[in-house]
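Reader: Please take me through one part of this model in detail. Begin with a single residue and work outward from there. Where does that lead?

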Amino acid sequence: MAASAAAEPLRVALTFDDSLKDHLLIAAPMLEERGWRGTFSIVTDWVGKDDSHLTWDDVRELVNRGHEIATHTKSHQNLVSLLQKGQEAEVRRELLESTDRIAAETGFAPRFMVSPFGRKNETTARLCRECGLRQAEVPRHNFGSNNCDRAAAVVEDLRKKGVERADILHHGVSAADHGGWCSFADRESFRRHLDALAELERKGEIVVTDYDGMASSCALKSQVWPRHGVLSLSFDDANFGQWEAALPLFAKYDARTTFFVIGTNRLDFMRKALAAGHEIGIHGLNHRDAPATGSERDENWFWKVDIAPQLAALGEAGIPVRSYAYPNCRRTDRTDALFFSHGIPRVRGLGAPFPPSPNPHDPKGEKLDKWRPVATADGFFLPAADFLRARLVPNVIMGENYHTDIEDIMRAIARAGERGEALFIVSHGISPDAKGISMKTEWLERMLSAANGLGVLVRGIR
Ligand SMILES: [Zn+2]
Ligand SMILES: [Zn+2]
């Protein structure tokens, strides 16, 4: 036992598959009593299908109580079989439609895909990345009436083998049998199973976290935090070489961003960024100023010359686009409506309803008196729960021309973590000696490292 006592605890996620009503009524309160949160894997077509399944109100309730939601796809098909039949587009649909539905219904974008029947491979992993998801890869151990007193033995076995992370999986947790999956015989045996896990945690043999906690270095803390904050990062224009050079830095901290690209030339970079889990947004074919162009000609003309050709080229290349960043942040309600009506659900810009930027563009230092700390500029923070609901999001710009005070930015990230808020930051290039409107690599690394330590998720605009 001496050897195992010295070893790191096994990190476990307690997962609940197939959108069952028991999960809210029985499992969630029992987890909460013990200070844990669960990972609930939702099949979106099954939500609300009958009394034994969760409704969307129930799923929202789980989110609001701090639990993690994963997608278990739209209709619970065997994804590997679909691929064998050449139906890659169908797999993509299973992933994207379920993710979008969960995000739209709950405001929480699932970050992990738990594959139905455990059937997955390299191709399903790649499709997940292209849809902004990670495929859950941790080995799963299903518990039910046939092994309800085996948790301690299973954990001991895993630790002997040197396993670091495991998924403790459940389906039904009461007497009802749900579609042939092994359920617990009654809720008392489920309670005994959780008590055994709590004892293992007390002895330091396991740490109960969730998928996000297993994936990040903050696993030991994640269980006591009701809600993570979000740092939404995006980078604009056409700084492809610098962005490509920064991809390993983002990967090091499991951070993702949105690259808002001008033009259609660097499809190779866009594919590479997508494969690494980032998002591609559009910034116009020629970076035209949307309101000015709209008043000179009309908005349809602006759409036709600057947006439609870029969207068409990216669409043809299979690059999904869900957001637009306004050049120079200039927008109006009318231009917002133009994007929404053409199926781009999210835009990033400034102007009412947002307060004046805390960091005015000021290359000569003339407006220094207007500068105020980002960390106290309430209008640039949203409750994290609204992160995905907002169709229009603001941004703080970083770069020497904007008088970036990195200590202030660090305080702003800490605030997002403490209060469970989303903070939106944008810059342009990324390089060690960045001047003007670009991000210094050293700043970026400090931000990513702090966010990682605080449990603040770093994501793009989506
Ligand atoms: Zn399932
Ligand atoms: Zn720009």
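**From a proline to the metal sites**

Author: Pro309 is partly exposed, because its relative accessibility is 30%, and that class runs between the buried limit of 20% and the exposed limit of 50%. The model is predicted, so read every value here as computed from that prediction.

Pro309 sits in helix H14. Apart from residues up to four places away in sequence, Pro309 touches Thr264, Leu285, Trp303 and Lys304. Gly284 is worth noting too. Pro309 and Gly284 are 25 residues apart in sequence, yet their C-alpha atoms are 8.9 Å apart in space.

Now move along the helix to Asp306. Asp306 belongs to helix H14, residues 299-316. Is Asp306 buried or exposed? Asp306 is buried, since its relative accessible area is 0%. Leaving out residues up to four places away in sequence, Asp306 touches Gly284, Leu285, Asn286, His287 and Arg288. Leu285 is therefore a partner of Pro309 and of Asp306 as well, while Pro309 itself counts as partly exposed.

His287 is the way into the metal site. Along with His287 (NE2), the protein donors of the zinc ion (ligand 2) are Asp237 (OD) and His283 (NE2). They lie 2.1 to 2.2 Å from the zinc ion (ligand 2). The spacing of these donor residues in sequence is D-x45-H-x3-H. Asp237 is in strand E9, residues 230-237, and His287 is in the loop between strand E11 (279-282) and helix H13 (290-296). The pair thus ties together parts that are 50 residues apart in sequence. Asp237 is buried, because its relative accessibility is 16%. His287 has 25%, so His287 counts as partly exposed. Through His287, then, Asp306 touches a donor of this zinc ion.

A helix contact comes next. Helix H11 (residues 240-252) meets helix H17 (residues 441-454), with axes that come within 10 Å and cross at roughly 20 degrees. That angle is under 35 degrees, so H11 and H17 are roughly parallel to each other. The crossing is right-handed. H11 contributes Leu249, Phe250 and Lys252 to the contact, and H17 contributes Thr441, Leu444, Glu445 and Leu448. By class, this contact has four nonpolar, one polar and two charged residues.

There is another zinc ion to compare. The zinc ion (ligand 1) is coordinated by Asp18 (OD), His72 (NE2) and His76 (NE2), at 2.1 to 2.2 Å. Along the chain, the spacing of its donors is D-x53-H-x3-H. Distant parts of the chain are linked here by Asp18 and His76, which are 58 residues apart. Asp18 is in the loop between strand E1 (10-17) and helix H2 (21-33), and His76 is in the loop between strand E3 (68-71) and helix H4 (79-84). Asp18 is buried, because its relative accessibility is 4%. His76, at 9%, is buried too. Set that against His287 at the zinc ion (ligand 2), which is partly exposed at 25%.

Helix H2 leads to a further packing contact. H2 and helix H8 (residues 187-202) pack with their axes 11 Å apart, at an angle of about 30 degrees. H2 is therefore roughly parallel to H8. The crossing of H2 and H8 is right-handed. On the H2 side, the contact is made by Ile26, Ala27, Met30, Leu31 and Glu33; on the H8 side, by Arg187, Phe190, Arg191 and Leu194. By class, the contact of H2 with H8 has six nonpolar, no polar and three charged residues.

Some loop residues deserve a check. Phe117, in the loop between strand E4 (112-113) and helix H6 (122-130), has a positive phi near 60 degrees although it is not a glycine. Phe117 is partly exposed, because its relative accessibility is 47%. Asn328 lies in the loop between strand E12 (323-325) and helix H15 (333-341). The phi of Asn328 is also positive, near 60 degrees. Asn328 is exposed, since its relative accessible area is 54%.

Last, the wider setting. The chain has 17 helices and 20 strands. Of its 462 residues, 56% are buried. Among contacts between residues at least 6 apart in sequence, 72% join residues at least 24 apart.

Methods. Residues numbered from 1 in each chain as written. Chains lettered and ligands numbered in written order. Predicted model: local features only at pLDDT ≥ 70, side-chain atom pairs only at ≥ 80, totals over all residues. Heavy atoms only, no water. Donors = N, O, S within 2.8 Å, 3.2 Å for Na, K, Ca; no water. Helix = DSSP H or I, 4+ residues; strand = E, 2+ residues; numbered from the N terminus. Buried < 20%, exposed > 50% of the residue type's maximum accessible area, 1.4 Å probe, protein only. Axes fitted to C-alpha atoms, helices over the stretch in contact; angles between N-to-C directions. Parallel < 35°, antiparallel > 145°, perpendicular 65-115°, else oblique. Left-handed = near helix turned anticlockwise from the far one by under 90°. Contact = heavy atoms within 4.5 Å. Nonpolar A, V, L, I, M, F, W, Y, C, P; charged D, E, K, R; others polar.
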